[in-house]
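The exercises below are to be worked with the sequence and the 3D structure open. Each one sets a task and then goes through a solution step by step.

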Amino acid sequence: MRDEPMKKLLRDHHEVKASPGCTFGEALKQMERVGRGIILIADGQERLLGVMTDGDIRKAVLKGITLDDPVTLVMNPTPVVITEETTPGELYRFMQEKGIRYVPSLDRSGRLEGILYEKELRGAKIITCPAVIMAGGLGTRLRPLTANVPKPLLPVGGKPMIQHVIESLRGYGINEFFVSVNYKAEMIEEFLGDGSDFRVRIEYLREKKRLGTAGALSLIRTNGWQDIFVLNSDVMTDLDFHAMYQFHLDHEHDLTMAVKRFNLQVPYGVVEMDMNRVVSLSEKPNITNYVNAGIYLLNRRVLGDIPRETFFNMTDLITNLVDQSRNVASYLIKGDWTDVGLPEEYDRLNGLLKPVNEAETAKASNM
């Protein structure tokens, strides 16, 4: 099933659809009448045979194709199309990079179901920065599950946790990833490869020794971007990453840290005292704190504060920035968030997320 955000962006394709039996001249008149800049050539079963755009018309004229020739001589038989797997974020980024203004959409059987215009995507939630996924930890608290499999590859809902993270961020348009690896690095690299199987690009930050939750960032080569997401590979959340990204940009933060409200009920009556005098008594009170959610947005200028190839945690970086009165902010996660650190949390999450399909379940179980 195509997700709802993408489905709402699709427009009816029938006004720009033409039969393969029509002439170049007839298709050209239809394009001028409709004013969309594209004609879809499809048969009676809605199977897309090709498209005709302004660029195809120019090529046809240079080739000497006449208005009476069949449109099939003019059309591009291998156009870019979108399928049910495509997300608004990655599609908008692709269309911007390639200068494409419209893309036909095909259903699972390969038949036309609509067309998507670039202008419909302009309000999509797009993130243009890269992301670092920290995947080098030992996963000690999840043993024996992590004795033979690195924690990022443990399956949740039929697919490895790190795949959930990548696909979630890809939906916002992020297509460049750095993955820090150390423990059982070869298994992670074998599963993810260069990222092409997941429609992204992946570069590895290989820790020759353990560098903590921030030390691996010293291995990154900056390449024109200003900000970067950093998150743990075992964080499962429905956080609106674009909202956090926009918040970070709007306030020009050096570092923005996602936090989650954590309530703890004390199982006893809590006594507040002044010396030996009882001031108040609260029966089993709820104590509210805010915990580090393991998701960060860093401005590139912060990377210079990280010592190169030295064990250095994100908490060290944040403490140093705060001590320097740098612009460090928190962003509250209001929805679901789970740090899969303990076996009971892992089991609970697997009970909530059912496998997506048999193929992914089998691939995950073979890790």
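Helices here are DSSP runs of H or I with at least four residues, and they are numbered from the N terminus. The model is a predicted one.

**Exercise 1. Backbone angles**

Task: Find which residue follows α4 and state the sign of its phi.

Solution.
Step 1. Locate helix α4, which covers residues 88-98. Its buried residues are Pro88, Gly89, Glu90, Leu91, Tyr92, Arg93 and Met95.
Step 2. Move on to the residue that follows α4, Gly99. Its phi is positive, near 70 degrees.

Task: Glu46 and Met275 also need a check of phi; for each, state where it lies and whether it is buried or exposed.

Solution.
Step 1. Phi of Glu46 is near 65 degrees, a positive value in a residue other than glycine. For Met275, also not a glycine, phi is positive and near 60 degrees.
Step 2. Glu46 sits in the loop between β2 and β3. Met275 sits in the loop between β14 (269-274) and β15 (277-283).
Step 3. Buried means under 20% relative accessible area, and exposed means over 50%. Glu46 has 16% relative accessibility, so Glu46 counts as buried. Met275 has a relative accessible area of 74%, so Met275 is exposed.

**Exercise 2. The sheet of three strands**

Task: Give the strand order of the sheet that contains β1, β2 and β3, and work out which strands stand at its edges.

Solution.
Step 1. The 3 strands form an open sheet in the order β1-β2-β3, with mixed pairing.
Step 2. β1 (17-18) and β3 (48-53) each have a single partner strand, so they stand at the edges and one side of each lacks a neighbour in the sheet.
Step 3. β2 (residues 38-42) pairs with β3 in the antiparallel sense over 5 bridges. Within β3, Val51 is the residue opposite Leu40.
Step 4. Add the helix: α2 (residues 24-34) packs on the sheet and touches β1, β2 and β3. The direction of α2 makes about 65 degrees with that of β3.

**Exercise 3. The sheet of seven strands**

Task: Give the order of the sheet that holds β16, then describe the pairing of β16 with β11 and with β13.

Solution.
Step 1. The sheet is open, has 7 strands and mixed pairing, and runs in the order β10-β9-β6-β11-β16-β13-β17.
Step 2. Its edge strands are β10 (201-206) and β17 (328-333), each of which pairs on one side only. From one strand to the next, the twist averages 30 degrees.
Step 3. β11 (residues 227-232) pairs with β16 in the antiparallel sense over 5 bridges, and Ile228 stands opposite Leu298 in β16.
Step 4. β13 (residues 255-265) and β16 run antiparallel and are joined by 10 bridges. Val259 has Asn292 in β16 as its bridge partner.
Step 5. α9 lies across β11, β13, β16 and β17, and runs at about 110 degrees to β13.

**Exercise 4. Two serines**

Task: Decide whether Ser180 is buried or exposed, and list its contacts.

Solution.
Step 1. Ser180 lies in strand β9 (residues 176-181). β9 and β10 run parallel and are joined by 6 bridges, and Ser180 stands opposite Leu205 in β10.
Step 2. The relative accessible area of Ser180 is 1%, so Ser180 is buried.
Step 3. Leaving aside neighbours within four places in sequence, Ser180 is in contact with Ile133, Met134, Ala135, Gly136, Leu205, Glu207 and Ala216.

Task: Place Ser168 and classify its accessibility.

Solution.
Step 1. Ser168 is found in helix α5 (residues 161-170).
Step 2. The relative accessible area of Ser168 is 28%, so Ser168 is partly exposed.
Step 3. Leu239 is 71 residues from Ser168 along the chain, and their C-alpha atoms are separated by 9.5 Å.

**Exercise 5. The second largest pocket**

Task: Describe the volume and the lining of the second largest pocket.

Solution.
Step 1. The space in this pocket is about 670 Å³.
Step 2. Of its 32 lining residues, Gly137, Lys151, Thr213, Asn232 and Asp234 are the closest to its centre.
Step 3. α7 (212-215), β16 (286-299), α9 (314-323) and β18 (337-339) each supply at least two lining residues. The largest share, 4 residues, comes from β16.
Step 4. The lining divides into 11 nonpolar, 15 polar and 6 charged residues.

Notes:
Residues are numbered from 1 along each chain as its sequence is written. This is a predicted model: local features need pLDDT of at least 70, side-chain atom pairs count only at pLDDT 80 or more; totals for chains, interfaces and linings use all residues. Side-chain values use heavy atoms; hydrogens and water are left out. Buried means under 20% relative accessible area, exposed over 50%, partly exposed in between (1.4 Å probe, protein chains only). On a 1 Å grid over the protein atoms alone, a cavity is a set of points where a 1.4 Å probe fits but cannot get out, and a pocket is an open set with protein on both sides within 12 Å along at least five of seven lines; lining residues have an atom within 4 Å of a point. Grid points are joined across faces, edges and corners, and a volume is the space filled by probe spheres set on the points. Ala, Val, Leu, Ile, Met, Phe, Trp, Tyr, Cys and Pro count as nonpolar, Asp, Glu, Lys and Arg as charged, and the others, Gly among them, as polar. Two strands pair if DSSP finds at least two bridges between them. Contact means heavy atoms within 4.5 Å. Axes are lines fitted to C-alpha atoms, for helices over the stretch in contact, and angles run from 0 to 180 degrees between N-to-C directions.
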